[in-house]
Amino acid sequence: MPGPAPPERMRPKGRRNSQGIRVDPEAEVTHEPRQAVLSALVKHKPGVLSEVSALFSRRQFNIESLTVGPTVDSDTARMTILIEEPEPGIDQAKKQLRKLVPVIEVTELDPTAVRRELALIKVGGEKPDDVNAVAEMYDGQAVDASTDSVTVEITGSKQKIDAAVEAFKQFDVQEVVRTGAAALERGPTTLNKHD
């Protein structure tokens with residue numbers, strides 16, 4: 001067969017795998033996971049949450065929290081999805097969400113966006129005055145009380161909720177329920193339905 005002999009052939013620079021195939025260094029780069037808050041405007045109809053969660057399950061995206069609720073427009077709902085993925089995974093999540101029929105718009109919120117979550121913390125009721133004092137430290141309030149337990153409501157950042165749960169451990173925490181993050185971009189920027 002005509003052509004250069006093996007020692008005379010061009011050899012591309014770069015690393016090769018065990019099969020002798022050249023490995024692209026960019027493709028081999030590993031990306032550190034980061035948290036991203038995705039905000040999605042969706043059609044407010046049955047089955048949308050199921051479609052979105054099925055997409056994330058199929059693609060094996062790690063959902064930290066997912067909240068959904070109606071907006072000022074009765075035809076739309078807003079989802080706030082907190083994921084932790086490497087950069088390519090976050091980009092892929094946004095692209096895949098945009099492909100779903102009920103999804104109107106998707107954006108990644110800036111890290112400085114307003115993020116809040118709500119927690120209900122049920123603790124032992126032996127020291128209600130002390131429980132109320134700790135609740136006030138975290139701008140919370142008791143929403144239910146009996147001789148056996150007190151339930152406190154706290155709203156704020158994830159860090160504030162974490163600190164409150166830690167502080168209430170002295171009263172024997174019986175249950176904790178957290179909503180996950182709800183988030184909005186700061187300033188006049190809004191996520192709008194495109195007509």
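**Exercise 1.** Is D91 buried, partly exposed or exposed, and what is its relative accessibility?

*Solution.* Before we start, note that this is a predicted model, where local features need pLDDT of at least 70, side-chain atom pairs count only at pLDDT 80 or more, and totals for chains, interfaces and linings use all residues. Residues are numbered from 1 along each chain as its sequence is written, and side-chain values use heavy atoms, with hydrogens and water left out.

Step 1: recall the classes: buried is under 20% relative accessible area, exposed is over 50%, and partly exposed is in between (1.4 Å probe, protein chains only).
Step 2: D91 has 32% relative accessibility, so D91 counts as partly exposed.

**Exercise 2.** Find the salt-bridge partner of D91 and place the pair in the fold.

*Solution.* Step 1: a salt bridge needs a side-chain nitrogen of Lys or Arg within 4 Å of a carboxyl oxygen of Asp or Glu.
Step 2: D91 pairs with K94, and their closest N and O atoms are 3.9 Å apart.
Step 3: both residues belong to helix α3 (residues 87-99), 3 residues apart, about one turn of the helix; helices here are DSSP runs (H or I, at least four residues), and strands are runs of E, at least two, numbered from the N terminus.
Step 4: K94, at 14% relative accessibility, counts as buried.

**Exercise 3.** Which residues of helix α4 are buried?

*Solution.* Step 1: in α4 (residues 128-137) they are V131, V134 and A135.
Step 2: down the axis of α4, these buried residues fall within an arc of 105° (directions from the helix axis to the C-beta atoms), so they line one face of the helix.
Step 3: the face turned away from that buried side carries the exposed D129, E136 and M137.
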